[in-house]
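Visitor: Please pick one part of this model and take me through it closely. Then lead me on from there, so I can place it in the rest of the chain.

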Amino acid sequence: MSLLPNIHSRRSLALLSLIIILMITACSAGDDSAEPPELVLWFGEPAAVWDHAKPVGNGRLGAMVFGRTDVERIQVNEESLWGGSNVNHNNPGALENLPEIRRLILAGEIPAAKELANEHLTGDPWVDGSYRTMGDIFIDFKRDHHSAENYRRELDIRKGLATVSYETDNTGYQYQVFASAPANVLVIKLSTTNPEGFMNTEISLQRIEHVTVWAVNSGLSMSGQIIFEEGDYNPFQPDIGGFGEPGEFMKFASRLEVAEFDGIITEQDSSLILDGGSEAVLLWSAATDYDLPIMDFDRSIDPLAKSVAIIDKAKEKPFDQLLAEHIEDHLPMMDRVVLDLGGHEMNEMATDQRLERLREGERDPALKALYFQFGRYLLMGSSRSPGVLPANLQGIWNEHIWAPWGSDYHVNINIQMNYWPANVTNLDETVDPLVQFMTSVSQFGEITARDMYGARGWTMHHTTDIFGKTGVMDAVYWGMFPMGGPWMMFPVYRHFEFTRDEEYLREKAWPLMKGSAEFILDFLVEDAQGRLVTVPTYSPENSYVHPQSGRTFKLTYGPAMDIQIIRELFRYIQETADITGADEELLARIEETLKRLPETRIGADGTIMEWIEDYEEAEPGHRHMSHLLALHPGTEITQDTPDLFEASRRTIERRLQFGGGHTGWSRAWMVNQYARLFDGQAAYRNLRLLLEESTLPNLFDTHPPFQIDGNFGGTAGIAEMLIQSHRNVIRILPALPDEWPDGRIKGLKARGNFELDFEWKDGRLTDLRIISNSGNPLRIEYDDIYFEKETRPGEVIRPQIF
């Protein structure tokens, strides 16, 4: 039993911290006279299930707050808790059998090629582990949950603060939760107006398997290790079989500590009892023995000691100081971009009710702006320091031991989409974990390139995990995508385009880009028509009808996406050769190779051909839009290629005609594609469908189930409707829908390291302000009006083009 120092003795610090919070909030709006719109998701009842709860995260730690009044559940994650291990899973028979597999594919003998490829290209083990939950914090209030009144559960995404408040028996209760990046902890504050305080409130730390929990020093410690047993498999993917060899893998731990309480704490075996106090502050942290540079376990790391050290440092500060420092860090990042589309009267309605009203036909432009900012909030919460790993399929939030698709890193669209909004919405630092991750992955990708294909450089296939698997995962049927590595160069290079950080380009991006180009140059082979093509490969996850056998296959050569990826990457290298110092031999090979690549072609039905032959599509409403990569996120298809531009429109229309866009991320991709086609009405229509059909009550995207890429793709799509900056011109309001006649946005970024604020009324631009952060040449287009200017670093430009 213990009595912590009375928290009321810290009132002076609390008052000072409150003043700091008010100052931060006031100053974050900068010089703008208009206050940023309210950004609050709120609900009138607790979350019934996990994907209705509210997320908080600091890049390393994540939590889902349910808001229950009887037994609160706060599900928690630590970014590096994964099943699996670092093993060389490249198939040892790949290189020897590659020539025959290629010969069979180029000869059209796909059934035989598939059989041989399955045996000699599939990785071993051929499935990866899963990102895993760290468990749950339960707070048992020992109350009848039916007696709660004036209930409100909210998430203020400007402040990064989840709050639950209600009354029962004329007594007020409130708890606040936030994930602090500065302190590297999850913070929970419980408070009540009950003069008797919390009565017999029990706090526990639980996980479904492989842990020991004990109470010590006014807190709870959890220690565990991931263990695979014979027959373990992912229940979300039972068709792909077991994980591999049984064994003991990652070690992990977490610590939950009562840092402040003005009552009595009683330690039980594996729980704590709080009694008598009116305010309690809990701190939680967690760690594993994972080490990113080696992408494996480091048994010299003590996860529990690491967790305790983080807590010990954080508890030196009172709650109000922790909150003030958290807001000082979080709010200015959120407020870099302000989007106001009007319709604020709808903010008085609960978020889930607003979604329902939207499905009934309500316009609610403020909900679209909230959704846009929620995507930015999620990226901040799942990809930033103190975290070191990029956002995965669920960002950082996952309640499962075996998550859907392992909550892994799919690199055939999903992880790329996660980072579409990063630079344009002024969150450059969220790209850092991705670049660090790719640098680590590439060392294992070199082994795959060498051992599977006899190639220089590095590559990866359709998916990976934190242990650097780069071979063919999930068998040839799903995993035969050797262009995964080159496609990952898009977000790596885009970061340079937006920041113009030449040191970043030379030191971080260029080694990855060069290695990826070397792999491509060695991987390409000549087909019967003398073209250089990729083989073996597929067009991500889609199938065609094989003319000779009538069967459906994915395995092929030279699909449109592969070639479009190559052309885009080679253009990046050519454009920056004077900065990177790319050698003349490499540039000469690239130039010669570009001349021999197949062209993007239009099929008999007027759509972009997905495969190198005009095959019949087995699933014309397929979720992937791979053959339109050159439209978005690539830049090859533009108004300057009018035939391909219009064929792209017909391609999307055909997909939709046959039921395409049925997953959240696929619908989000269509928003971006229609924006690139300058079709604001079609982009808006698909944005509405994204919200109406593929969005959960807490605004999480659903595949189904929950998958975060659709959130990020949706946010990027809204940005793409308002500004585009590819191909050396910044287009203002390129795809503005009629439903947003008036609005303003502050802080969007454009390639060239420009920052833009602009307003519009009655669908017409009324004000434009541009900051040139790097002093690059400026070229603006609005409504067929062009403005060009040489700029200086820090210069503010106000073009009069409206």
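**Starting from one loop**

Guide: Leucine 699 sits in the loop between α20 (680-693) and α21. Those labels come from DSSP runs (helices are H or I, at least four residues; strands are E, at least two), numbered from the N terminus. Residues count from 1 along each chain as its sequence is written. Keep in mind that this is a predicted model, where local features need pLDDT of at least 70, side-chain atom pairs need 80 or more, and totals for chains, interfaces and linings use all residues, while side-chain values rest on heavy atoms, with hydrogens and water left out.

So what's unusual about the backbone at leucine 699? Its phi is positive, about 75°, although this residue isn't a glycine. Leucine 699 is also buried, with a relative accessible area of 0%. Here "buried" is under 20%, "exposed" is over 50%, and partly exposed is in between, using a 1.4 Å probe and protein chains only.

Follow the chain out of that loop and you come to helix α21, residues 709-722, which lies across β19, β29 (743-750) and β30. Those three strands belong to an open sheet of 5 strands, ordered β19-β29-β30-β31-β34 with antiparallel pairing. Strands pair if DSSP finds at least two bridges between them. The edges of the sheet are β19 (338-340) and β34 (795-797), and each of these pairs on one side only.

Let's zoom in on one of the pairs. Strand β30 (residues 754-761) and strand β31 (residues 764-772) run antiparallel and are joined by 8 bridges. If you want a landmark there, look for tryptophan 760, which stands opposite leucine 765 in β31.

Now go back along the chain, because a second residue that isn't a glycine also has a positive phi: glutamate 541, at about 65°. You'll find glutamate 541 in the loop between β23 and β24 (544-545). With 11% relative accessibility, glutamate 541 counts as buried too.

Strand β23 gives us a handy bridge to another helix. The buried residues of α17 pack against β23 (532-533), and also against α14 (502-523), α15 (560-575) and α16 (577-580). Contact here means heavy atoms within 4.5 Å. Helix α17 covers residues 584-596, which makes 13 residues, and spans 19 Å from its first C-alpha to its last.

Which residues of α17 are buried? They are Leu586, Leu587, Ile590 and Thr593. These four are on the same side of α17. If you're wondering about that spacing, an α-helix has 3.6 residues a turn, so residues three or four places apart point the same way. The face turned away from the buried side of α17 is another story: that's where you'll see the exposed residues Glu584, Glu585 and Lys595.

Before we finish, here are two more loop spots to click on. Serine 385 and proline 386 are joined by a cis peptide bond, with omega about 15°. Proline 386 is in the loop between α7 (365-382) and β20 (409-410). Another cis bond runs from histidine 632 to proline 633, where omega is near 10°. For proline 633, look in the loop between β26 (616-617) and α18 (642-657).

Definitions and conventions:
Expected span 1.5 Å × (residues − 1). Arc of directions from axis to C-beta. Axes fitted to C-alpha atoms, helices over the stretch in contact; angles between N-to-C directions.
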